[in-house]
Amino acid sequence: AIMRDGLIEQVGTPHDVFTKPTNVFVASFIGTPQMNLFEADLQSYEGGQAVVGVGGDQLKLPTDAAVARLKPSKVTIGIRPRGLAPVAASGADTIPAVAELIEPMGAETMIHVRGPAGAELRIVVPRERRVAIGEQLHLRCDPRQTHVFDTKGKAVRT
């Protein structure tokens, strides 16, 4: 059980709580490194992707089909650091980011990046993936590790 201020937020196995957090609190509590969370304006849902505005950027992120039930609104996007992968080219389904800090962790490397609207994000890549500070990255999301939380902070999923 995950508790906050004496109240149970979620009950489940460690794997279930990690992969399907019920709210923003649980998402931010479980996992190392912590889940990336950033605010966005949900504009629509099309073709299995949430169309969101972040700062001046419009992004298409693969999400649960339940997001289609939401009206345009403020949402919180949550993506696990291992759920963001640098790809060669930008696209409507990539998040633009700039590498700011690189932390070798042995078998993996954690890269701190600055994303849209100044969002601070962390990505974890295999140690063989070389990135330079200041490098422009294009990050693609793994839909299994991309979450949408509604205006009340509750996970939106089927």
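The exercises below, each with a worked solution, concern a predicted model.

**Exercise 1. The sheet that contains S3**

Determine the order of the strands in the open sheet that contains S3, and state which strands stand at its edges.

Solution. Begin with the order, which reads S5-S4-S3-S6-S12 for this open sheet of 5 strands, with antiparallel pairing. Next, look at the ends of that order: S5 and strand S12 (146-149) each have a single partner strand, so one side of each is left without a neighbour in the sheet. Finally, consider the twist, for which neighbouring strands of this sheet are turned by 45° against each other on average when direction is ignored.

**Exercise 2. Two pairings within that sheet**

Describe how S4 pairs with S5 and how S3 pairs with S6, giving the number of bridges and one residue pair for each.

Solution. Take the pairing at the S5 edge to begin with: strand S4 (residues 49-54) and strand S5 (residues 57-62) run antiparallel and share 6 bridges, and Gln49 has Pro62 of S5 opposite to it. The two strands form a hairpin with 2 residues between them, where Gly55 takes a positive phi near 65°. Then move inward to S3, which is joined to strand S6 (residues 73-79) by 7 bridges in the antiparallel sense; here Ala40 has Val75 in S6 as its bridge partner.

**Exercise 3. The sheet that contains S9**

Work out the strand order of the open sheet that contains S9, and describe how S9 is joined to S10.

Solution. The order is S7-S11-S8-S9-S10, an open sheet of 5 strands in which the pairing is antiparallel. Its edge strands are S7 and S10, each of which pairs on one side only. From one strand to the next, the twist averages 50°. As for S9 and S10, these strands run antiparallel and are joined by 7 bridges, and Glu108 stands opposite Pro126, a residue of S10.

**Exercise 4. A proline in an edge strand**

Decide whether Pro86 is buried or exposed, and list its contacts beyond its neighbours within four places in sequence.

Solution. First place the residue: Pro86 belongs to strand S7 (residues 84-87), and S7 is an edge strand of its sheet. Then apply the cut-off: buried means under 20% relative accessible area, so Pro86, with a value of 18%, counts as buried. Its contacts, leaving aside neighbours within four places in sequence, are Ile123, Val125, Arg129, His138 and Leu139. A separate distance can be added, since the C-alpha atoms of Pro86 and Pro96, 10 residues apart along the chain, lie 9.7 Å from each other.

**Exercise 5. A histidine in S12**

Establish where His147 lies, whether it is buried or exposed, and which side chain it joins in a polar contact.

Solution. His147 is located in strand S12, which is one of the edge strands of its sheet. Its relative accessibility is 7%, and His147 therefore counts as buried. The side chain of His147 makes a polar contact of 3.3 Å with that of Arg157. Outside the four nearest places in sequence, Arg157 also appears in the contact list of His147, together with Thr19, Pro21, Met35, Thr76, Ile77 and Gly78.

**Exercise 6. Aromatic rings**

Find the aromatic pair of the model, classify its geometry, and identify the residue that lies over the face of Phe18.

Solution. The count comes to 1 aromatic pair, formed by Phe25 and Phe29, whose ring centres are 5.7 Å apart and whose planes make an angle of 20°. Because planes under 30 degrees apart count as stacked, this pair is stacked. Both residues belong to helix H2 (residues 24-29), where being 4 residues apart separates them by about one helical turn. Phe29 is partly exposed, at a relative accessible area of 49%. Turning to Phe18, the residue over the face of its ring is Arg80, at 4.0 Å from the ring centre.

**Exercise 7. Backbone features in loops**

Locate the cis peptide bond from Thr32 to Pro33, and describe the loop residues Asp5 and Ala117, which have a positive phi.

Solution. The cis bond from Thr32 to Pro33 has omega near -5°, and Pro33 sits in the loop between H2 and strand S3 (36-46). Asp5, although not a glycine, has a positive phi of about 50°; it lies in the loop between strand S1 (2-4) and strand S2 (7-10), and it is exposed, with a relative accessible area of 77%. Ala117, also not a glycine, has a positive phi of about 55°. The loop that holds Ala117 runs between strand S9 (108-114) and strand S10 (120-126), and Ala117 counts as exposed at 64% relative accessibility.

Definitions and conventions. Residues numbered from 1 in each chain as written. Predicted model: local features only at pLDDT ≥ 70, side-chain atom pairs only at ≥ 80, totals over all residues. Heavy atoms only, no water. Phe/Tyr/Trp six-rings, centres within 6.5 Å; stacked < 30°, edge-to-face > 60°. Buried < 20%, exposed > 50% of the residue type's maximum accessible area, 1.4 Å probe, protein only. Lys NZ or Arg CZ within 6 Å of the ring centre and 35° of its normal. Pairing = 2+ DSSP bridges. Axes fitted to C-alpha atoms, helices over the stretch in contact; angles between N-to-C directions. Contact = heavy atoms within 4.5 Å. Polar contact = N/O pair within 3.5 Å; in protein donor to acceptor, adjacent residues only side chain to side chain.
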